[in-house]
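Biologist: I'd like to learn how to read a few features in a model like this one. Could you walk me through them?

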Amino acid sequence: MTMVTLELEEGILSATRYSPREFTEQMKLAAAMAWYREGRVSQEVAASICGLDRTDFLLELARHGEDSFRVNFDDLDEELCRG
């Protein structure tokens, strides 16, 4: 497993009111949601990043008001035209 070290200014954890563990979990979730939104990772990979199964990741997306599924409307129009 790869370990990443993050240096934060004093007071960041107290400002967020997270313990170091909670902060780490929230950072992983935020990164996974952002990368999923950008199309850089799949739902499965995003879920793995934040230590969730796919269903729980989808529930977290919904809880944060994020779209669960990305739709390319150009592709959808093309597919609908094909019948």
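**Salt bridges, a pocket and a patch**

Modeller: Sure, and keep in mind that this is a predicted model. Let's start with a pair: Glu25 forms a salt bridge with Arg21, with 3.3 Å between the closest N and O atoms.

Biologist: Which cut-off makes that pair count as a salt bridge?

Modeller: A side-chain nitrogen of Lys or Arg has to be within 4 Å of a carboxyl oxygen of Asp or Glu. Here, Glu25 and Arg21 sit four residues apart in helix H2, about one turn of the helix. Searching the whole structure turns up five salt bridges.

Biologist: And how do I read the largest pocket; what lines it?

Modeller: Look at volume, then lining. The volume is about 580 Å³. There are 15 lining residues, and Val4, Leu6, Thr24, Met27 and Lys28 lie nearest the centre. Helix H2 (residues 20–37) supplies the largest share of that lining, seven residues.

Biologist: Which residues gather in a patch of negative charge?

Modeller: For a patch, like charges are joined within 9 Å. On this surface, Asp74, Asp75, Asp77 and Glu79 form the negative one. Glu79 belongs to helix H5 (residues 73–82).

Technical notes
Residues numbered from 1 in each chain as written. Predicted model: local features only at pLDDT ≥ 70, side-chain atom pairs only at ≥ 80, totals over all residues. Heavy atoms only, no water. Patch = residues over 30% accessible without salt bridge, like charges linked within 9 Å, V, L, I, M, F, W, Y side chains within 5 Å. Areas by Shrake-Rupley, 256 points an atom, 1.4 Å probe, with all protein chains shown as cover. Lys, Arg positive; Asp, Glu negative; His and termini not counted. Charge placed at Lys NZ, Arg CZ, Asp CG, Glu CD. Helix = DSSP H or I, 4+ residues; strand = E, 2+ residues; numbered from the N terminus. 1 Å grid on protein atoms, 1.4 Å probe; cavity = no way out; pocket = protein on both sides within 12 Å on 5 of 7 lines; lining within 4 Å. Points joined across faces, edges and corners; volume = space filled by probe spheres on them.
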